Amino acid sequence: MSVKYHLSIDNASIDGTTGHHTVQVHIEETGEDDQVRHGIAETYGIDSTALHLAYGGIETEWLKVVATDMLAKHKRRTDIQQRLLSMAGQKIEISL
Amino acid sequence: MSTYPSPPASSPRGPSTPSSTPTTPLRQITLTADDMKSPAMLNSVLNDYGQLINYLLGHSGPVKIVSSYDFNGNQVKNVGAPRDPADVVSALFASQTYGPAAIRPSLEALGKTVLQTVRRLNDPHQRENYSSFLNGILNTAPTANTSTIIPGSPGGGTVPVTITAGLHQRVDGSVVPYSAFNDTLTLPTSFALTSLTRTSGVVAAVTSVANSLVANQSFSIPLGGGLTNFSFVGTFVVVSVTDAFHFSYQQLGQPDATATGGSVSLGGVYYYSIGRGQNVLSRTGPFTSDLWTNRVQASTDGETLVATVVVNSQGVDVVNSAAGATPPQTGTAVPVIRRI
């Protein structure tokens with residue numbers, strides 16, 4: 001059973017004046033042990049005009065890009081954190 | 001011979017009250033022995049004094065004095081309740097009408113938490129310095145955060161931009177973390193330029209298509225777009241409009257020059273702020289220009305600017321965009337007031 005990733009949409013809002021859409025999202029990683037790990041949340045925004053220009057007005061196309069971007073960040077953060085954790089107890093020599 | 005005038009007929013019932021206020025003081029009189037032989041003279045004198053006394057006692061109405069009374073530090077006792085605006089009041093009346101107990105109901109009508117005293121703002125012992133109370137009403141400097149701006153590449157009429165996650169320091173020294181904001185912005189309207197001619201600090205501009213510029217409107221001339229002289233790059237304000245293709249503006253501090261190509265971009269200015277009690281940023285905009293009035297509009301009480309992003313037809317204007325940790329830039333093309 002491989003690791004699964006989901007984009008969790010925690011909150012979605014729209015500015016009543018400008019029509020600017022925002023979503024707060026994070027990555028949910030479900031490991032082989034079925035444990036769920038939550039990634040760092042970020043906000044993504046797009047106004048109505050940009051959504052139309054860039055994604056033909058289709059919000060799911062935009063969310064695909066959001067998901068891809070968030071997954072890349074999550075994997076990068078996870079890899080870095082794992083390497084840092086593996087260094088626990090190590091001493092790094094400082095040469096002056 | 002007496003020095004007193006002839007006595008009037010006296011009333012057998014004694015002195016009466018005068019019908020009008022005496023306007024002249026009584027004269028000194030000296031009676032002679034002959035005057036004393038006539039009771040009429042003495043009666044007249046006594047009658048005059050009687051009338052004056054009755055007047056002073058108020059029997060003929062309010063007593064009007066022609067000078068002031070000096071009570072020599074003594075009391076004026078038993079004063080009645082005032083009826084007219086110039087009437088004096090007694091201590092009891094003042095206490096019952098204006099004292100703390102009398103005005104307390106009016107103060108408490110505003111609520112039990114009304115400030116009961118005064119606060120001297122210039123008193124260092126009473127000044128709010130580090131209270132968390134200030135966090136809710138003051139906007140800390142936009143530079144009090146650790147974010148930077150990461151612009152993306154424009155395409156398809158849009159440009160992505162990221163305000164990195166960071167920490168915002170509040171007035172009381174506390175630190176609030178917030179997550180990154182990844183935005184997709186629409187590239188603003190632009191008009192292709194035919195020529196730019198700068199003479200004595202005034203630039204005459206000609207667009208190849210009809211533009212919508214009006215006087216006092218902000219615009220920018222970005223790099224690229226075939227602009228042949230980069231000294232014309234910057235953000236400016238329209239001074240005058242001749243017609244739909246010709247307008248002029250000021251650009252001081254540059255030598256006379258000409259250029260072709262390039263474009264006029266109507267800026268999209270966006271402000272990203274953090275609100276009280278929030279850990280996420282919110283966006284305000286687009287504004288046509290980065291003015292202090294627009295910044296004030298975007299940062300009401302409890303809302304602090306974290307980043308300013310200016311977009312032109314070429315993408316994110318990195319010169320005029322900044323967050324708290326954006327490195328400073330130097331150069332005459334950078335208007336310092338526009339830096340966050």
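These legends go with close-up views of strand β4 of chain A and the contact between chains A and B in a predicted model.

**View 1. Strand β4 of chain A is mostly covered.** The strand takes in residues 42-47, and six of its six residues are buried. Follow the side chains and you'll see them split: A:Glu42, A:Tyr44 and A:Ile46 point one way, while A:Thr43, A:Gly45 and A:Asp47 point the other way.

**View 2. β4(A) pairs with β2 inside its own chain.** Here β2 of chain A (residues 20-30) runs antiparallel to β4(A), and six bridges join the two. To get your bearings, look for A:Val23, which sits opposite A:Tyr44.

**View 3. β4(A) also pairs with a strand of chain B.** The partner is β5 of chain B, residues 181-186, and this pairing is parallel, with four bridges. A:Gly45 faces B:Asp183 across the pairing, and A:Ile46 stands opposite B:Thr184.

**View 4. Chains A and B meet through 19 residues of A and 15 of B.** Between them the chains bury about 1,200 Å², with 47% of that on carbon and sulfur atoms. On the chain A side, A:His20, A:Thr43 and A:Leu53 lose the most area to chain B, together 35% of what that side buries.

**View 5. Polar contacts, but zero salt bridges, turn up between the chains.** There are ten residue pairs in polar contact across chains A and B. On chain A, β2, β4, α1 (48-55) and α2 (59-86) each supply at least two residues to the side touching chain B. β4(A) gives the most, with six residues. Sorted by class, that side of chain A has seven nonpolar, seven polar and five charged residues.

Key
Residues are numbered from 1 along each chain as its sequence is written. Chains are lettered from A and ligands numbered from 1 in the order in which they are written. This is a predicted model: local features need pLDDT of at least 70, side-chain atom pairs count only at pLDDT 80 or more; totals for chains, interfaces and linings use all residues. Side-chain values use heavy atoms; hydrogens and water are left out. Buried means under 20% relative accessible area, exposed over 50%, partly exposed in between (1.4 Å probe, protein chains only). Two strands pair if DSSP finds at least two bridges between them. Contact means heavy atoms within 4.5 Å. Buried area is the accessible area (1.4 Å probe) that two parts lose on being put together, summed over both. A salt bridge is a side-chain nitrogen of Lys or Arg within 4 Å of a carboxyl oxygen of Asp or Glu. A polar contact is a pair of N or O atoms within 3.5 Å; within protein, one must be able to donate a hydrogen and the other to accept it, and residues adjacent in sequence count only if both atoms are side-chain atoms. Ala, Val, Leu, Ile, Met, Phe, Trp, Tyr, Cys and Pro count as nonpolar, Asp, Glu, Lys and Arg as charged, and the others, Gly among them, as polar.
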